[in-house]
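I opened the model to look up a few residues, strands and a pocket. My entries follow in the order I made them.

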Amino acid sequence: AGRVGWDRVQRAIEEGTVTVVVAESLDRIARDPIDLLTVMETVRRCGAVVDTPPTGQASELQGLLHGIYNSIFRSSLVQKVQRGMRGAVERGRHPGGTIYGLRKKRGETEADDKYIPYDPEAKIVFRIMWEIGVLKRSYHQIAHDLNAEGVPAPRGGLWSPQNFVHPNNLGGLATNPRCMGIIQWNKASYQKDRLTKRREVKKHPRADWIIGYNSDQAFIPPY
């Protein structure tokens, strides 16, 4: 998915109009070992070859070994990145981007950067929380009023119920505790289905969540 050029190459291989595929490295063709072996088998079956500058003509055995190495490397890299992100959360720093209601304040170094409340948006979030929790208004009613008043949505355009609660219940202005200074991480992970090529959400049990707190980011009192 999203590799239009490579899709054209694969069709050309199967049609017999391409007999040599030149790639910088085998991981430019596929990083997943199973995907890479599938490609190598298709190339062999169609009478074509894959050639890379470092190794020359690549065999299926090279594809297998390369795929295994890539899999081990990626797994190790993911673990290192996740350890770093966990440490950031425990220190009160969010490993992701900002949210509606916060703005980044640049420091002398990247480590000194802070997210602080942005009053115009913070007031909108407070109003949304008040109308949901106290006035018991629906998401549709709130979105209608904000659009009628010409208030731009977080990403521009019009407000919709999805701005308040995301379909997978992992985000949204009405359920995001970060406006209270509470940072939640590792609530879910995304995995790609090999058959459908679509990303699927895997929600993690609450015991696996990593919770941090940063009072500088709080602009809604806890309730």
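**Entry 1: L146**

I started with L146, which sits in helix α5. The model is a predicted one. Helix α5 covers residues 139–148. Is L146 buried or exposed? I read a relative accessible area of 0% for L146, so I put it down as buried. Next I listed its contacts, skipping neighbours within four places in sequence. L146 is in contact with I124, R127, I128, V151, W159 and F164. I also took a distance to I68, which is 78 residues away from L146 along the chain. The two C-alpha atoms are separated by 52 Å.

**Entry 2: A58**

I went to A58 next and found it in strand β3, residues 56–58. Its relative accessibility is 10%, so A58 counts as buried, the cut-off being under 20%. Which residues does A58 touch, beyond those up to four places away in sequence? I noted L26, M40 and V50. Then I took a C-alpha to C-alpha distance from A58 to N147. These two are 89 residues apart in sequence and 58 Å apart in space.

**Entry 3: V49 and strand β2**

I looked up V49 and found it in strand β2, residues 49–52. V49 has a relative accessible area of 23% and is partly exposed. That value puts V49 outside the buried class because buried means under 20%. Which way do the side chains of β2 point? They alternate. V50 and T52 point to one face and are buried. V49 and D51 point to the other face and are not buried.

I then checked the partner strand. Strand β1, residues 20–22, pairs with β2 in the parallel sense, over three bridges. V20 stands opposite V49. V20 is also among the residues that V49 touches, and I listed T19, V21, V43 and Q57 with it. That list leaves out residues up to four places away in sequence. For V18, I noted a C-alpha separation of 9.2 Å from V49, with their positions 31 residues apart along the chain.

**Entry 4: Strand β6 and N186**

I turned to strand β6, residues 182–185. Its side chains alternate too. I183 and W185 point to one face and are buried. I182 and Q184 point to the other face and are not buried. How does β6 pair with strand β9? I recorded an antiparallel pairing over four bridges, with β9 running over residues 210–213. Within that pair, W185 stands opposite I210 in β9.

I moved on to N186, in the loop between β6 and β7. Strand β7 is residues 188–192. The phi of N186 is near 70 degrees, a positive value in a residue other than glycine. N186 has a relative accessible area of 22%, so I class it as partly exposed.

**Entry 5: K136**

I found another positive phi at K136, near 60 degrees, again in a residue other than glycine. K136 lies in the loop between α4, residues 119–133, and α5. Its relative accessibility is 64%, so K136 counts as exposed, the cut-off being over 50%.

**Entry 6: N70**

I placed N70 in helix α3, residues 60–90. N70 is polar by class but buried, with a relative accessible area of 7%. What is N70 in contact with, leaving aside neighbours within four places in sequence? I found D27 and R31.

**Entry 7: Cysteines**

How many disulfides does a search of the whole structure find? I got zero. I checked the accessibility of two cysteines as well. C46 is partly exposed, at a relative accessible area of 25%. C179 is buried, at 3%.

**Entry 8: A pocket**

I finished with the second largest pocket, which has a volume of about 290 Å³. I counted 13 lining residues. Which of them lie nearest its centre? They are R93, H94, E110, D113 and Y115. I sorted the lining by class: seven residues are charged, five are polar and one is nonpolar.

Note on methods. Residues numbered from 1 in each chain as written. Predicted model: local features only at pLDDT ≥ 70, side-chain atom pairs only at ≥ 80, totals over all residues. Heavy atoms only, no water. Helix = DSSP H or I, 4+ residues; strand = E, 2+ residues; numbered from the N terminus. Buried < 20%, exposed > 50% of the residue type's maximum accessible area, 1.4 Å probe, protein only. Contact = heavy atoms within 4.5 Å. 1 Å grid on protein atoms, 1.4 Å probe; cavity = no way out; pocket = protein on both sides within 12 Å on 5 of 7 lines; lining within 4 Å. Points joined across faces, edges and corners; volume = space filled by probe spheres on them. Disulfide = S-S within 2.5 Å. Pairing = 2+ DSSP bridges.
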